[in-house]
Amino acid sequence: MYTIFTDPLHRIAYATDASAYREVPQGVAFPENEQDIIYLVETARERKTHLIPRAGGTSIAGQVVGNGIVVDISKHFKEILEINKEERWARVQPGVVLDELNLALEPYGLFFSPETSTSNRCCIGGMFGNNSCGSHSLVYGSTRHHVLEAQGVLCDGSIEVFKTYTIRELEERFGNRFWETESNLLIQNIYTQLIRWALDEKTVQLIEENYPDKNLRRRSCGYAIDEVIEDLHNTAKPLEERTINLCKVLAGSEGTLTFITEIKVDLDPLPPKEKMVVCAHCDTLQKSFLGNLVALKFNPVAVELMDRNILELSKENAEQSKNRFFVQGDPAAILIIELRGETRTEIDALADRLEKALMENEEHLVYACSRVYGSEISKVWSLRKAGLGLLTGMKGDAKPIGVIEDTAVAPEKLPDYMADFAQMLENLNLSCVYHAHISTGELHLRPILNIKEAEGKRKFREVAYQTALLVKKYKGSLSGEHGDGRLRGEFIQLMYGDEVYALMQDLKKCWDPLQVFNLHKIVDTLPMDSMLRFEVGQQYAIEKELGESHTYYNWKAAFDECKVEGATGAKNQLHALMCSIEQCNGAGDCRKSNLMGGTLCPAFKVSGDETKATRARANVLREILTRGWESEAFAQALDKDKSILKSKELAEVLDSCLACKGCRSECPSNVDMTRLRSEILQQKYDVSGMPLRSFAVSRMATVEQFGHLVWPLYNLFASWQFSSNIIKRIINFSTERDIPTLSRVTMRTAVNRECRRHKDQATKGKVLLFADEFTNFQEAELGLTFAKLLLRLGYEVEIPKHVESGRAAISKGNLKLAKKFAIKNVNLLKDKVSEQTPLVGIEPSCILSFRDEYPDLVPAEQRNEAKTLAKNALLFDEFIMREMAAGRITTDNFKPDAVEIWLHGHCHQKALVGTEKTVAALKLLQGAQVHVIPSGCCGMAGSFGYEKEHYQTSLAIGEMVLFPTIRKTLAHADDVTPCIVSAPGTSCRQQILDGTGVHAVHPIEILYRWVK
Ligand SMILES: Cc1cc2nc3c(=O)[nH]c(=O)nc-3n(C[C@H](O)[C@H](O)[C@H](O)COP(=O)(O)OP(=O)(O)OC[C@H]3O[C@@H](n4cnc5c(N)ncnc54)[C@H](O)[C@@H]3O)c2cc1C
Ligand code: SF4
Ligand code: SF4
């Protein structure tokens, strides 16, 4: 029998999408084939509930939020069934991700052209459901323009193919002039209804008069009845030759009419390689609206807008701050204008004329232009695409809310529409963020609102209503691409009038008389301000247990220091903690597969399981800490007297997190699950005690310190299978892993000895080495190598007095202990470490704790000292780069040689500083070819990969990219050029050894081998 998951974890994880709504579904299903869907349709009918088809779950208007059964097709309906190069089409299952389809199409020189910003996780089924489009809709239109055929299950369980049929073909199936008689056949009724409307002059006129401008490229408001009947009332053709394709109305129907199981889409040839973007800087928004009209005269393939708010927010985001390189000064808005051509000369000439028109215009529309070419263009688009995510990362309760974020009017009407809009905002005393698809008249307008408060909630409705009136005035569309869902459905009647709205209601009734599909979306929606994630006046359930200020991290500091205009800050520590969780807006960047690169989120990448994505963790934390046992998801829970921190669901989502910090940098909203996880784990230990394994791992350095006194015995015990298995079983480690053994002398001792030998030889200043707990006890030789390298390069080296970094304690959630280490280290090092004498580390995760965690772990009075220390705590490669920049280290210090280096960066390093500096340091060896392995997390992640229940997952993560790349590389290496695998992380090196048998080396060892 087919399983519908009704457990609290699944119900909570699927209670939201990327909208402001939350409604706990009755259950969640993961069908594997069409038969499963038929079964689900029958079950829904029997249980008098409805199915909510769901793909990537990135809808912004609450399309996939509801109280029925959510049916997730993103897990099993992922096959590309057929590609026809000659006829330029592809047949796919609806769960195929857009970017993954386009990757598969690349060798054919083709692509599926509507590219939504969520292309790396949204699915073709979801795009069809929402009629999605993207930045290049000016040229390529929306999904509706590209779906040739679809197959789906109707509410009576029948399977139907939707494609272009002539009336003659339909008559062959249903009988002559079938639309004139009544029938019991569902599909016949569907065609009958539309044909009757098309043949009725009054209905056609009603539709023509009330639908938005025909020439509007973007419109996803209501059912597209006008498009589906267009050819049916084409009186130039004989009736029997007129055609109908139901895909036209299914596009944008948001899963309310049928359940799609297959889609055939047409494809476009890949665009010419030569392209450029001109980033035109405007000093007022109004100038950008006018600048768009000028740009449109130069045949751009896209013109997109980003306003100052987004540019400001991008400064705070680790990933996007790297993509701001093209910004000059402090523009109020930037127009990104993409030009394409056959040659560079051709587009340069076009750009010259465009820039002249913009800059020499009498209104001086633009004050500066940056031109971006080649691979750098993707960085500009990445920043633009991250816009929406960045917005919801704004700190505090007030957020740029998606409510009127999808209006579209003809571009020439945009300046006037925007003037009226600005006036309306002023009347409502609201400010707004502006961005996105200006070329097609669609701007993502996000007013900053605090809908947790009654006044904010009132304005949420008011701004929606008044904007609807304005859009109607300009004959625009209330939704250009995001759809209606439960957000805009309420205003369709206002936009289209009572009669057209009644047609839409009739359409839904005709397709879905049994009420099986996604109820209360588009038509008959609930009030747009009901079922929000946070209700007015709601208290956080966890506050009763923790009080306002009992947190281990100083969550509030970042809120107090946030400079973004409109950010409301946090009242107390608990509020700041909750707001940090609420920063997850559900946009789903954490659902990228490994084909899409990046680290975020390994637990999802390896399983394809929503409950293991960062989004699910944030959803579960938010639901449990806000609503506690009162959540509808816990209606059946028995033991509601215990602390909510003891809930199984909380444990489950935290357990699958590797604490890799992938989300810390790659989540556009800066959801930092590594930190949230350790805070909640410590709070949980406070009520239920710390498991032995967590205690043992966080105290590992202490154990090793004592073990070191009897190191031969320790090593014998750790490496002898019988004894080591006993330890592993006690602490629940996998017996497949080896317990690390200890070095004969510690790094501290070895380095001190070496330094004494080289006393007074330094010429270039002093370096303080951080003898982190892993290198000090387990890899002293590596620590010594680094010291020797520095000495050879002319530096004085010293290991100052310090304690362990506390990295293991942080990752196991032992924050009480980590706090002690942080306080001690700040006290011991604050007067020793300075810009001239930095603290330099070998193991990325340890030294980066000084930067990422310490300032928020130490008491408030030590924060500034910790921040100063953080500034001067450098990873080995950062130090080398700094010295290269000052001319104190050059390629002359190293012997040139031909060597191939394959580098796997540590995930904390990737999240906080990137691998660019390691690459640059390795390139000090002239002749070295450095390749960065496009791996995310190696899968070991501290102790995660050692843990018995995580061992297989850990190896599977390694198998996604890292292990196969290493195997392939070494298999193809020649005998002449040395080929070295390098990884700065100690656990990464262990994982590479366990997964491939290859001994990876630290970059320091490579540099030392070639230093003169
Ligand atoms: C940050 C961000 C940026 C965005 N940018 C854009 C953009 O540039 N352009 C744009 O158009 N949209 C954009 N969106 C909205 C959203 O990403 C798109 O609409 C996307 O195509 C939805 O795809 P999905 O796979 O997430 O679908 P889902 O959200 O899961 O579903 C979308 C709709 O399709 C229906 N559906 C899904 N599968 C089926 C099926 N098998 N049968 C029937 N119905 C089905 C669902 O019921 C739902 O109504 C953005 C969203 C976010 C969060
Ligand atoms: S965790 Fe970040 S990336 Fe994932 S859905 Fe939430 S906001 Fe988006
Ligand atoms: S820390 Fe890593 S595993 Fe955990 S949620 Fe973030 S990306 Fe996923």
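This is a short talk about two places in one structure: the surroundings of ligand 1 and a nonpolar surface patch.

Okay, hi everyone. Before we start, keep in mind that we're looking at a predicted model.

Let's begin with the ligand. There are 35 residues around ligand 1, and the ones that come nearest are Pro53, Ala55, Thr58, Ser59 and Cys133. So what sort of residues make up that shell? We've got 14 nonpolar, 18 polar and three charged.

As for where they sit, strand 3, helix 4 and strand 12 each supply at least two residues of the shell. Which of the elements gives the most? That's helix 4, with five residues.

Now zoom in on the backbone. At proline 53, a backbone N or O atom lies 2.6 Å from an oxygen atom of the ligand. Glycine 57 has a polar backbone atom 2.8 Å from a ligand oxygen. And over at cysteine 133, a backbone N or O atom is 2.6 Å from a nitrogen atom of ligand 1. How much of the ligand does the protein bury? Taken alone, ligand 1 exposes 970 Å², and 98% of that gets buried.

Right, on to the other place. Leu692, Phe695, Leu716, Trp720, Phe722, Ile726 and Ile730 make a nonpolar surface patch of about 780 Å². Helix 28, spanning 692–698, and helix 31, spanning 721–730, each supply at least two of its residues. Helix 31 gives the most, with three.

One residue to click on is isoleucine 730, which you'll find in helix 31. Is isoleucine 730 buried or exposed? Its relative accessible area is 58%, so it counts as exposed, the cut-off being over 50%.

That's my tour, thanks!

How values were computed: Residues are numbered from 1 along each chain as its sequence is written. Chains are lettered from A and ligands numbered from 1 in the order in which they are written. This is a predicted model: local features need pLDDT of at least 70, side-chain atom pairs count only at pLDDT 80 or more; totals for chains, interfaces and linings use all residues. Side-chain values use heavy atoms; hydrogens and water are left out. A residue is near a molecule or strand if one of its heavy atoms lies within 4 Å of it. A polar contact is a pair of N or O atoms within 3.5 Å; within protein, one must be able to donate a hydrogen and the other to accept it, and residues adjacent in sequence count only if both atoms are side-chain atoms. Accessible areas come from the Shrake-Rupley method with a 1.4 Å probe; for residues, only the protein chains shown count as cover. Helices (H or I, at least four residues) and strands (E, at least two) are DSSP runs, numbered from the N terminus. Ala, Val, Leu, Ile, Met, Phe, Trp, Tyr, Cys and Pro count as nonpolar, Asp, Glu, Lys and Arg as charged, and the others, Gly among them, as polar. Patches are made of residues with over 30% relative accessible area and no salt bridge: like charges are joined within 9 Å, nonpolar side chains (Val, Leu, Ile, Met, Phe, Trp, Tyr) within 5 Å. A salt bridge is a side-chain nitrogen of Lys or Arg within 4 Å of a carboxyl oxygen of Asp or Glu. Buried means under 20% relative accessible area, exposed over 50%, partly exposed in between (1.4 Å probe, protein chains only).
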